[in-house]
Amino acid sequence: MRKEIQDLRTNARIFQLSKCTACTFTLDLPAVHFMCMHSFHQRCLGDNEKECPECAPEYRSVLEMKRNLEQNSKDQDHFFQQVKSSKNGFSVIAEYFGKGIISKTSTATTGASQTGTTSSTSGF
C-alpha cells in the first residue's frame with residue numbers, strides 16, 4: 001500500500017477506460033475520471049458528485065465500521081473487562097491492534113520520546 005501511495009504521489013495516472021461506467025456508451029467530453037479507475041460522462045453523474053458512485057457505498061460502510069470501532073475504543077472499561085474475562089488477554093489486545101482500535105500514532109516530542117512512550121488514538 002505504501003508503494004502504491006508513493007506511486008500516486010510521484011507518477012502520472014493514465015486513464016484508458018473508453019466507456020462510461022454508468023451508461024456503457026463511449027466516453028466523450030466532458031468526462032470525469034476517479035482514482036479507482038472508473039470513468040463517467042459528466043452528465044451521468046449527479047451535480048455535486050465528488051466520489052465514485054460505484055465505490056462510494058463500500059467506502060462509506062468501511063468508514064462507518066471504523067467510526068463504530070473508534071467509538072467503542074473510548075469505552076476503556078469494556079476493553080479491560082474483555083482482557084480480564086478472556087482466557088488469553090493477549091489475543092484480545094492483538095485483536096484491538098489488528099482492527100486499528102489501538103495504534104501507535106505519534107511519539108511525544110518531549111522527554112517521552114526518549115523513554116519510548118507513545119500516544120494512542122484510543123487512549124489505552
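What follows is a chat between a biologist and a modeller about this predicted model.

Biologist: How confident is the predictor, what is the mean pLDDT of the protein chain?
Modeller: Keep in mind that this is a predicted model, with pLDDT as the predictor's confidence in each residue. Of the chain's residues, 77% reach 70 or more. Averaged over the protein chain, pLDDT comes to 76.

Biologist: Which element has the lowest mean pLDDT, and which the highest?
Modeller: Let's start at the weak end: pLDDT stays under 50 over residues 106-124, although the model has 30 contacts beyond four places in sequence for them. Strand β4, residues 118-120, has the lowest mean among the elements, at 41. At the other end, with a mean of 90, is strand β2 (residues 39-41).

Biologist: Is His41 buried or exposed?
Modeller: His41 is found in strand β2. Leaving out residues up to four places away in sequence, His41 touches Cys20, Cys23, Phe25, Thr26, Leu27, Asp28, Pro30 and Ala31. Buried means under 20% relative accessible area. His41 has 0% relative accessibility, so His41 counts as buried.

Biologist: Which residues make up the largest nonpolar core?
Modeller: Leu27 is a handy way in, as one of the core's residues. Outside its neighbours within four places in sequence, Leu27 is in contact with residues including Cys20 and Phe40, and both of those belong to the core too. The full set is six residues: Cys20, Leu27, Phe34, Phe40, Leu45 and Cys52.

Biologist: How do helices α3 and α4 pack, and is α3 oblique to α4 or roughly antiparallel?
Modeller: Helix α3 covers residues 76-85 and helix α4 covers residues 89-98, with their axes 7 Å apart. The angle between them is about 140 degrees. Roughly antiparallel would need an angle over 145. That makes α3, relative to α4, oblique.

Biologist: How many nonpolar, polar and charged residues are in the contact of α3 with α4?
Modeller: On the α3 side we have His78, Phe79, Gln82 and Val83. From α4 come Gly89, Val92, Ile93 and Tyr96. Sorted by class, that contact has five nonpolar, three polar and no charged residues.

Biologist: Which residues does a cis peptide bond join?
Modeller: Most peptide bonds are trans. Here, though, there is a cis one with omega of about -5 degrees. One partner, Pro30, sits in the loop between α1 and β1. The bond joins Leu29 and Pro30.

Biologist: What is the phi of Thr24, and what is that of Met37?
Modeller: Most residues other than glycine have a negative phi. Thr24 lies in the loop between α1 and β1 and is exposed, with a relative accessible area of 52%, while Met37 is in the loop between β1 and β2 and counts as partly exposed at 29%. Neither is a glycine, yet phi is positive: about 65 degrees for Thr24 and about 80 degrees for Met37.

Biologist: How far apart in space are Leu8 and Met35?
Modeller: Leu8 is found in helix α1, residues 2-10, and is partly exposed with a relative accessible area of 36%. Not counting residues up to four places away in sequence, Leu8 touches Arg13 and Met35. Leu8 and Met35 are 27 residues apart in sequence, while C-alpha to C-alpha the distance is 9.3 Å.

Definitions and conventions: Residues numbered from 1 in each chain as written. Predicted model: local features only at pLDDT ≥ 70, side-chain atom pairs only at ≥ 80, totals over all residues. Heavy atoms only, no water. Axes fitted to C-alpha atoms, helices over the stretch in contact; angles between N-to-C directions. Helix = DSSP H or I, 4+ residues; strand = E, 2+ residues; numbered from the N terminus. Parallel < 35°, antiparallel > 145°, perpendicular 65-115°, else oblique. Contact = heavy atoms within 4.5 Å. Nonpolar A, V, L, I, M, F, W, Y, C, P; charged D, E, K, R; others polar. pLDDT = per-residue confidence, 0-100. Buried < 20%, exposed > 50% of the residue type's maximum accessible area, 1.4 Å probe, protein only. Core = buried A, V, L, I, M, F, W, Y, C linked by side-chain atoms within 4.5 Å.
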